[in-house]
Structure formats: C-alpha cells, structure tokens
Amino acid sequence: MDFYSTNNPDLRVGFKEAVFNSMPQDKGLYMPVTIPQLPANFIDNLDEYTLSEIAFHVASALLEDAIPADDLKAIINDAINFYAPVVKLGDNVYVLELFHGPSLAFKDFGARFMSRVMGYFLKDGEKVLDVLVATSGDTGGAVALGFLGVPNTRITILYPKGKVSPIQEQQLTTNGQNIRAIEIDGTFDDCQALVKQAFGDAELNEKFRLTSANSINIARLIPQTFYYFNAYAQLLREGKSKVVFAVPSGNFGNIGAGLLAWKMGLPVEHFIAATNANDTVPQFLKSGKYEPKPSVQTLSNAMDVGNPSNWVRIMDMFKDDLKGLNQQITGYSYTDAETETTIKQVFDKYNYVVCPHTAIAWKALTDWQADNTNDEVAGVFLSTAHPCKFPDVFTPEIADAIEVPASVKDLEGKPKQTVVLPNDFDAFKSYLIKNG
Ligand SMILES: *Cc1c(COP(=O)(O)O)cnc(C)c1O
C-alpha cells in the first residue's frame, strides 16, 4: 500500500517512508491510497477472533506487502500485549477500557506499534534513530515505555518541570537504557518549541538522525483502528450488532482511527466527538466554519488542542462533504465544572471512576442517547486513561475508590533520572551535542 499526502494526492510514498517522514514535506498528512474493504464474512464473524488476530487482519489489509506476514504478526503480538475490554455499566452503556497498557493510556497502542515498526525497518549498522518528543504528560510515557529497549533508537523526552502528575513523571524518568528525560523550566509549549527548533537546526540534523513520534504518524493511527474492531467483536458476543462510539478528543487521532475502521467496513451507527472547552470541531460541525483557536487549559489537559492536527484526515475521508460528516459525527463540548460533576455522577451511578477525559465521553454519550433513544444501539464510550494518572481532580472519596495498578506501585521505589535545563535552545542543543 502506498500513502498520499492530504495536500497532494499525487505525492505517494511507501509505508516505510511514510513512517520515518511522519509528515510529508508539504505539511499534509499521509493517508492510504485506497481504503481497503474488509470482507463481510470477517466483519460478521469478528466475535470468533482474538484481538491479535483482528489486528493482523486489519493491519495486513492496510499495509499489504509492506511487512511480510510473519514479521507483522510478531510486531503486533509484541506491541499489543494487553487487553482492551468492553465493560458493561448499564443498559446500552459500555466503556471500552484502553488503559491496560504500560503507560495506562490509549496512546500505548499507537506508540508501541510505531516503535516496533520503526525498530523493524532500522537496519543493523544504520545511524541510531533519535526520537525527540515534547509532552504534557501522556504522550511521553507512552513513547518512553513503547521505545524502551527497542534497538537502534534513542528517545529524548522534554517535559515541563512541575507540570506533570507524579505517576506521569515516574513513567518518564525511571527508565534508563535508551530513554532520557529532560525537565524544562517552562511550559509544555516551551518544550514543544524547543523540539521544533531542534528539527529545524542544520547542525543537529547533520549530526543526528532526528525524528518525531507525534500523533500524526500513520504508524500511530493504524493500530488505533484495532480496538474499534475488537470492541465490536465483544459486543457481538453480547448479542449486540449496532454501536455508537463516544470518543474523548483532542488531536482527533483516536476518533480518526474509528472513522477509518468504519470506512473499512465496521458497521458503526454513529460517532460522538467529545471535547473540553477546546471546541473547534464541535463548533465546526454546527456552523460549517473551521476556526482554529489557541488552546485553553482544562482539567482534561491531554485534550487541550485548539487546532486538532488529525482533523484534515477526517475531512479527507469525507471529501469535505459536511452533510456526510454530520450524518456520521455529532460534536459535544463541556466545561471543567461539567467534567467534575460528571465524574461524580458516573461514580454515584455505577461505582466506577473515570478520568477527566473519559468523563467527557460518557457525558456526550448520555446527552446523545437522550436525543436518540433506540434500544438496539449499544453506546460505547472510550476510556482513554486510567484515573490514577490524574489524582488532583478527584474528591477524597472518589480518589480512595481508585485501584492503583501493580505496575504503578513498582515504579515507586525507582530513582528519578532527569536533567533539568532552562527554557533555552542553546542549552538544549549543547546538551544534545555533549551527550551525543
Ligand atoms: C491524547 C489523549 C486524548 C486525546 O486523543 P486524540 O487522539 O488526540 O484525540 C484523550 N484522552 C487522553 C487520556 C489522552 O492521553
């Protein structure tokens, strides 16, 4: 399968090139030249397949011969070595738990698959791949734990000092091996600016083989389709064959993958795009005007995105047809006050703790179901992170009910390994060169 740029359908590259480029030169995003249709006998019998079998079928359809079957199977089994269960909370209310990977967030699907694909394509003796990432918390953990021990790679993570949660910091800073963490005395935006400047620096590019691991990489999008098919498989086992998905959205990679799964033949009745106050997309769906804004800070900070980078992929899939879009997607946005109330409502109703991102998805699902009553349609909201990653947002009663996974307890004794740097490009550059 070749991949084209959303800015220029004639610009085509193979999968390996799309992965290492991350973004085409023309600043579009890569999309598969044709969206493959999965056979009806696969879709109708999804309940007979395991997650890793589903992943293999879906990935082979998208990649064709870019990676030989046995190698692709090995990559999938190594990357997706955790569950994505659909848990029933109430009548037609299910939660798809995507937080059972090592960093306790759904970004593990994308980061682990991408890291292994990159590791696979890197040949022995080639220059080490230097991955630079800026994180506000969740991406860094997924990328660090995803690339940990992957040969021929070195990961440098920049995070804002004092602005990530304790568990997030432990996930970033206790790895060693091929992972280095740098605390920047500044904000997430400062970290991102430093990384951007590094990518544009001639001397650094000469010396290192730099790449980014951010969410626009096609190798992060593809594995996120797997859990939509796998969720449907689980619903079939419950006797449900109609589904709507409510997706807490920031950069719109997650819901973009769901829409790709739908385009490949997964029968999804509807998608619900749930955002916090960063409501560029819900506003666009209402008004037809796309007006990106600077991001505002919220409790669900992994969704604080004012100009979602994956939105162009969604527009591309719908060929800019706003009517078609509105038939398949409804947008909702909520304030922090509503998020806090929702966390409490979900806890009172189901004795279940949701992280602030997930809360927004449940609320949107509930509001959508109030307007679209249909006993046949199962509502599934995606839980994108384990609540223990965001301890500050919960009341003591709810915080007490959170079961902290064993993997988090294991992190506690491990020493923190970081370098503190000022928010200054020269300092960052000379660190990279000195430690090259
Ligand atoms: C990254 C993230 C999101 C947003 O996902 P997108 O694919 O960027 O829309 C939502 N919730 C959590 C917990 C995240 O880490």
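The paragraphs below go through the predicted model from its overall build down to a few single residues.

Since this is a predicted model, local features were kept only at pLDDT of at least 70 and side-chain atom pairs only at pLDDT 80 or more, while totals for chains, interfaces and linings use all residues. Numbering starts from 1 along each chain as its sequence is written, and side-chain values rest on heavy atoms, with hydrogens and water left out.

On the overall build, the protein has 19 helices and 14 strands; these are DSSP runs numbered from the N terminus, with helices being H or I of at least four residues and strands E of at least two. Along the principal axes, the C-alpha atoms fill a box of roughly 65 × 50 × 40 Å. The radius of gyration is 21 Å, which agrees with the value near 22 Å for a compact globule of 436 residues; the radius is taken over C-alpha atoms, and the globule rule is 2.2 Å times the number of residues to the power 0.38. Of the 436 residues, 59% are buried, where buried means under 20% relative accessible area, exposed means over 50%, and partly exposed is in between (1.4 Å probe, protein chains only). The accessible surface comes to about 17,600 Å², and carbon and sulfur atoms own 48% of that; areas come from the Shrake-Rupley method with a 1.4 Å probe, and for residues only the protein chains shown count as cover. As for contacts (heavy atoms within 4.5 Å), take those between residues at least 6 apart in sequence: 75% of them join residues at least 24 apart.

Two domain annotations come from UniProt, both in an unreviewed entry. "Threonine synthase N-terminal" is listed for residues 3-79, and "Tryptophan synthase beta chain-like PALP" covers residues 88-370. UniProt positions are in the numbering used here, feature names are shortened, and annotations may be inferred rather than shown by experiment. In the model, residues 3-79 come out as 45% helix and 16% strand, with the end C-alpha atoms 23 Å apart. The span 88-370 is 47% helix and 18% strand, and its end C-alpha atoms lie 18 Å apart.

Helix 4 takes in residues 69-79, and its buried residues are Leu 72, Ile 75, Ile 76 and Ala 79. They sit on the same side of helix 4, because they cover an arc of only 95° around the axis, the arc being that of the directions from the helix axis to the C-beta atoms. Helix 3 (51-63) and helix 5 (107-121) are included in what covers these residues.

Helix 5 also holds Lys 107, which the unreviewed UniProt entry lists as "modified residue: N6-(pyridoxal phosphate)lysine". Lys 107 counts as buried because its relative accessible area is 12%. Leaving aside neighbours within four places in sequence, Lys 107 is in contact with Asp 138, Thr 139, Ala 142, Arg 220 and Ala 302.

Asp 138, one of those partners, belongs to helix 6 (residues 138-147). With a relative accessible area of 6%, Asp 138 is buried too. Its side chain makes a polar contact of 2.7 Å with the side chain of Lys 389 and another of 3.1 Å with that of Gln 168. A polar contact here is a pair of N or O atoms within 3.5 Å; within protein, one must be able to donate a hydrogen and the other to accept it, and residues adjacent in sequence count only if both atoms are side-chain atoms. Not counting residues up to four places away in sequence, Asp 138 touches several others, including Ala 105, Ala 302, Ala 385 and Phe 390.

Phe 208 lies in the loop between helix 9 (202-207) and strand 9 (209-212). Despite the loop setting, Phe 208 is buried, at 8% relative accessibility. Beyond residues up to four places away in sequence, Phe 208 touches Lys 127, Asp 130, Arg 154, Leu 432, Ile 433 and Gly 436. Phe 208 and Lys 127 are 81 residues apart in sequence, yet 7.9 Å apart in space, C-alpha to C-alpha.

Finally, some backbone angles. Most residues other than glycine have a negative phi. Lys 319 has a positive phi near 50°, and Asp 320 has one of about 60°. Lys 319 is found in the loop between helix 13 (311-317) and helix 14 (322-328), as is Asp 320. Lys 319 counts as exposed because its relative accessibility is 63%, and Asp 320 is exposed at 57%.
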